[in-house]
Amino acid sequence: MRDKILESVIYILLIFLLCGFFNVQIIHGPEYRRMSEDNRIRTIPISAPRGRIFDRFDRVLADNKSIFNLYIIPDDFNIESVPQLAAILGEDESKLNEVIEKSKHSFDPTSPALIKKDISRTAMFRLEELSTLVGGLVITQDSLRYYPEGEALCHIIGYIGKIDPEEYAAHKHQGWLFNDSIGRLGIEKTYNEELMGNPGGRQIEVNAKGQQLRILSEKDAEIGSDVHLTIDAELQIRIINLIAPEHSISTCILNIHSGEILALVSTPLFDPNIFVDPNKSDDRVEALKDERHPFINRPISFSYAPGSIFKVLIAVAALQEGVIHSNTVLHCSGAFRLNDRSREFKCWRESGHGDMTLVDAISESCNVFFYQVGLKLGNARIARYARMFGFGEPINIGLPYGKSGLVPDALWKKAILNERWYAGETVNYAIGQGYLLVTPLQVVKMVAAIAADGKVVEPHIVKGMPYVENRVPITHQNLAIVRRCMLMAIESEWGTGHLARPTFFKMAGKTGTAQTTGEPHSWYTGFFPYNDPQIAIVVMGEHAGSGGVVAASYAGQIADEWLALKEEREQTGV
Amino acid sequence: MSQTSFTRFYWSFFLVILGIALWGIFFLYSASYNIGSEQGMLALRQMVRIAVGLMVFLGVVSIGYKSFLNISYVLYVVTLILLIMVLVFGTRRYGAQRWLYVGPFSFQPSEFSKIAVILALSHYLGRRKKNLYQIRRFIIAFIMTIVPLVLVLKEPDLGTSLIFIPILLCMLYVWGAKLKYFLMTIVLGLSSLPFLWMLLKPYQKDRLFAFIDPNRDPLGASYTVIQSKIAIGSGGFLGKGWLQGTQNKLYFVPEHHTDFIFSVVGEEGGFISIVVFFLLFVLLFRLSFMAIRRTTDVSGKLLATGIIAMVFFHIFINIGMTIGLMPVTGLPLPLISYGGSSLLTFFISFGLLVSIFKERSIF
């Protein structure tokens with residue numbers, strides 16, 4: 001019985017559905033047929049403004065400007081109106097013709113195609129007027145990305161670019177529009193999904209001439225979420241002003257207690273506005289051709305031989321493993337041989353340093369001392385300590401394209417190069433040469449851990465990224481010895497880093513001059529102030545010469561700037 | 001006597017589902033006609049799937065529904081595990097996490113979960129008298145349905161999750177549940193709506209809003225429905241002819257080869273084709289109800305009811321959505337929409353239906 005009722009209900013519902021089709025196809029059929037033939041409905045998407053990006057003091061680093069754009073709907077636009085359009089826009093007629101002709105062959109000639117971005121207010125009013133006579137013209141109020149600080153934060157903020165057809169096809173279902181832009185570098189790239197809002201749009205019915213009859217429905221665009229950075233834009237700008245234009249410098253200032261990156265500079269710089277401002281496309285071509293690769297964010301995306309700054313890590317490892325003590329004396333005669341037949345490994349000082357303890361060896365950057373310590377440690381232990389401090393793996397600070405660098409050992413060499421490891425390579429390893437590659441960010445992370453007495457906070461550049469804290473298994477006593485050695489490298493009479501001495505307070509650090517093809521790389525890393533460490537600094541100058549000269553003097557000035565800014569803010573009560 | 005009548009039934013059923021599936025292929029080919037590289041490939045792939053599906057159908061008939069009922073609880077638990085696995089390891093497509101990969105094959109456990117739930121419910125209710133402890137049966141049956149429902153809803157797949165409810169209600173109704181319990185259920189269901197609302201994703205809410213107010217979202221769901229209505233309406237009585245549709249070719253109707261295939265039917269085949277499809281559906285239901293009437297096994301009867309309800313609500317919601325009578329939920333059209341998991345589920349279901357008719361001859 002009940003199954004009969006169920007069956008009847010099913011048939012009744014099917015008949016109801018069929019009536020619906022009868023209504024749509026037979027009763028309203030002609031109406032829909034006309035709509036389909038004329039194709040009267042147009043959808044005009046309105047892109048959403050991207051969320052803004054702020055520095056740690058809420059200074060705006062990426063903003064939006066409101067602009068007017070001109071679109072045409074190719075199917076509705078009569079080519080005979082081109083002269084009028086060209087006159088208003090002040091464009092060449094044949095060039096405009098070309099653009100419009102191209103749009104007619106787009107995949108959907110009933111959806112708007114961009115003709116001109118950022119039209120002037122007067123042009124906008126005249127076009128509005130023209131659109132009452134000519135069909136197929138659409139003027140939308142869109143937003144244009146704008147970077148108020150220009151070059152200063154280019155590698156951090158990154159830039160945006162128009163999506164290509166493949167990306168459009170892949171993300172259409174998420175609501176991406178054909179004319180949308182997405183982040184290509186920096187925060188704009190890593191936080192693209194958060195920054196992108198939800199597009200709006202309106203659906204209009206047009207008449208046979210393509211003129212708007214009425215708006216069928218409308219939806220406002222929703223702005224994307226804001227992103228707040230840990231960066232101190234003022235400090236960043238002041239650091240940039242210190243750097244000589246001929247240098248390619250990477251530098252990073254890290255708060256050792258919070259892991260917050262306060263400044264992250266990579267020179268040469270570029271102006272991210274060239275990617276969004278329609279009037280700056282020539283500059284873009286110029287920048288893309290620049291052989292100094294301004295678009296690479298050097299502190300995280302390039303890895304280099306660290307040279308003598310790696311001695312800091314060797315010192316930590318050697319003390320912790322007990323292969324030396326703080327008062328162990330090793331002799332430097334200016335050169336070192338593994339055995340009678342081996343080649344000579346030289347110290348930078350040909351006459352030799354004589355008898356040295358660890359503190360002398362760090363402050364005067366003696367190679368022969370560390371050759372011997374390195375051999376005592378062996379490649380496996382050096383690699384283990386390097387990895388313990390985060391070398392050999394990328395650091396996710398919230399920016400794209402982080403490099404991992406390379407921490408070699410015998411196992412690696414066997415697996416990758418299928419060769420055995422030679423003792424001579426361990427000798428080189430100990431002074432940061434050979435296969436070893438590190439990024440400036442990894443270096444500053446290591447120094448921060450030493451300065452914070454073994455506490456390792458993951459560096460990050462976006463507020464709200466998880467705070468991750470670990471410890472390196474090194475005794476406080478050993479870390480204190482190494483910090484003392486680093487102090488002497490700056491403060492002692494013979495110290496290689498005396499150019500890094502700040503005006504007030506004391507800095508501890510280490511210089512490095514990494515041999516490579518061409519001029520050596522200039523390294524400096526340290527922490528400041530020595531008595532109450534707050535920040536860790538790394539400065540790396542590509543092919544800039546001696547670390548004790550270029551990098552060290554920048555580091556001293558950077559420490560001065562940081563302190564000066566801090567005091568200015570304390571006085572003004574910010 | 002009974003042997004011949006089964007043979008006739010078997011053949012009729014086979015021809016009806018084959019007819020629906022093959023005719024669907026024509027429109028699927030047309031729908032994918034303009035997708036550049038995919039041209040023809042979708043229809044070809046669907047044909048292979050239908051061939052596989054028919055073999056599965058024949059296999060299920062010869063195994064018989066009783067074996068499936070015997071392992072129904074196992075199937076039910078396995079399905080729950082698969083649904084959880086989808087949420088944990090599943091692959092995202094079109095913004096939802098519904099697919100699991102096994103080697104080169106991907107499938108949607110949510111599709112199979114429908115038949116697993118129907119089997120488990122039939123097994124549970126079929127072995128229990130309706131006169132005793134009816135409230136308890138009612139509640140347990142509901143819990144058995146709600147658990148997979150919530151898991152599917154989390155994927156998120158609103159359409160598939162909501163279809164569980166009418167299936168359960170139909171099965172309880174045919175089982176013989178008291179009408180006052182149905183009333184109570186409806187009251188309970190309405191009062192739990194705010195809770196369900198919180199579980200919905202923003203885009204699912206948007207779709208429901210768009211159904212209530214089509215002008216709300218011109219770029220999303222209601223845009224699709226308006227374009228689908230124009231496509232169907234413009235087909236008129238005789239249609240524009242095969243491959244002659246314009247609306248569906250110019251990307252006006254998105255997802256037309258999966259969910260909106262019926263708007264291609266309406267546009268190119270016209271009202272006359274719609275009527276033919278409806279006649280085929282009516283034939284399918286008539287044959288299915290014959291299985292219900294013939295069997296003396298309560299579990300078999302309930303199983304047939306569940307399957308009929310599942311098939312019917314898929315048809316009703318999918319087709320209703322193309323002319324704006326139902327919200328856009330993404331439910332496939334049985335035997336016609338492009339998609340392997342859904343096809344296989346329906347072929348298994350039809351195999352079970354036919355075997356319910358057959359098993360009678362044992363007595």
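A residue is called buried if 20 or more other C-beta atoms lie within 10 Å of its own. This cut-off is needed for the opening stops of the tour, which proceeds through a predicted model.

**First stop: strand β21 of chain A**

Please select residues 535–541 of chain A, which form strand β21. How many residues of β21(A) are buried? Seven of its seven residues are, and the strand is thus described as mostly covered. Colour the two faces separately to see how the strand is enclosed. On one side are A:Ile535, A:Ile537, A:Val539 and A:Gly541. On the other side are A:Ala536, A:Val538 and A:Met540, and both faces are covered.

**Second stop: A:Val538**

Next, select A:Val538, which has its place in β21 of chain A. Why does A:Val538 count as buried? A residue is buried when at least 20 other C-beta atoms lie within 10 Å of its own; A:Val538 has 30 within that distance, and therefore it is buried.

Now display the surroundings of A:Val538. Apart from its neighbours within four places in sequence, A:Val538 is in contact with A:Thr251, A:Cys252, A:Pro440, A:Val443, A:Val444 and A:Thr525. Then add A:Ala555, which lies 17 residues away from A:Val538 along the chain. The C-alpha atoms of A:Val538 and A:Ala555 are separated by 7.5 Å.

**Third stop: the partners of β21(A)**

Select residues 249–255 of chain A, strand β11. Seven bridges join β11 to β21(A), and the two strands run antiparallel. Within this pairing, A:Ile253 has A:Ile537 as its bridge partner.

Continue with residues 521–528 of chain A, strand β20. This strand is likewise antiparallel to β21(A) and is joined to it by seven bridges. Which residue stands opposite A:Val538? That residue is A:Thr525, which was also listed among the contacts of A:Val538. To follow the chain from β20(A) to β21(A), trace the hairpin, which passes through six residues.

**Fourth stop: the nonpolar cores**

The largest nonpolar core has 127 residues. Select A:Ile314 and A:Ile537, which touch the most other members of this core. Helix α15 of chain A, residues 367–388, gives the most to the core, with ten residues. The core draws at least three residues from each of two domains of chain A: domain 1 (42–209 + 219–228) and domain 2 (233–268 + 296–572).

With A:Ile314 centred, leave aside its neighbours within four places in sequence. A:Ile314 is in contact with A:Phe370, A:Val373, A:Gly374, A:Leu377, A:Ile382 and A:Ala430. Another core, of 103 residues, lies apart from the largest one. Its members include B:Leu69, B:Ile315, B:Val328 and B:Phe350.

**Fifth stop: a sheet of three strands**

Select β1, β8 and β9 of chain A, which form an open sheet in the order β1-β8-β9 with antiparallel pairing. β1 and β9 of chain A stand at the edges, each with a single partner strand, so one side of each has no neighbour in the sheet. From one strand to the next, the twist averages 25 degrees. β8(A) and β9(A) are paired over six bridges. For a closer view, select A:Arg202 and its bridge partner in β9(A), A:Glu218.

**Last stop: where the chains meet**

Finally, show chains A and B together. Their contact takes 37 residues from chain A and 42 residues from chain B. Which elements give two or more residues to the chain A side? They are α1 (2–27), α2 (29–38), β1 (41–46), β8 (200–206) and β9 (212–219). With 16 residues, α1(A) gives the most to this side. Colouring the chain A side by class yields 17 nonpolar, eleven polar and nine charged residues.

Terms used:
Residues are numbered from 1 along each chain as its sequence is written. Chains are lettered from A and ligands numbered from 1 in the order in which they are written. This is a predicted model: local features need pLDDT of at least 70, side-chain atom pairs count only at pLDDT 80 or more; totals for chains, interfaces and linings use all residues. Two residues are in contact if their C-beta atoms, placed from the backbone, lie within 7 Å. Helices (H or I, at least four residues) and strands (E, at least two) are DSSP runs, numbered from the N terminus. Ala, Val, Leu, Ile, Met, Phe, Trp, Tyr, Cys and Pro count as nonpolar, Asp, Glu, Lys and Arg as charged, and the others, Gly among them, as polar. Two strands pair if DSSP finds at least two bridges between them. Axes are lines fitted to C-alpha atoms, for helices over the stretch in contact, and angles run from 0 to 180 degrees between N-to-C directions. A residue is buried if 20 or more other C-beta atoms lie within 10 Å of its own, exposed if 12 or fewer, and partly exposed in between; C-beta atoms are placed from the backbone. A nonpolar core is a set of buried Ala, Val, Leu, Ile, Met, Phe, Trp, Tyr and Cys residues joined through C-beta atoms within 7 Å. Domain bounds come from an automatic or database domain assignment.
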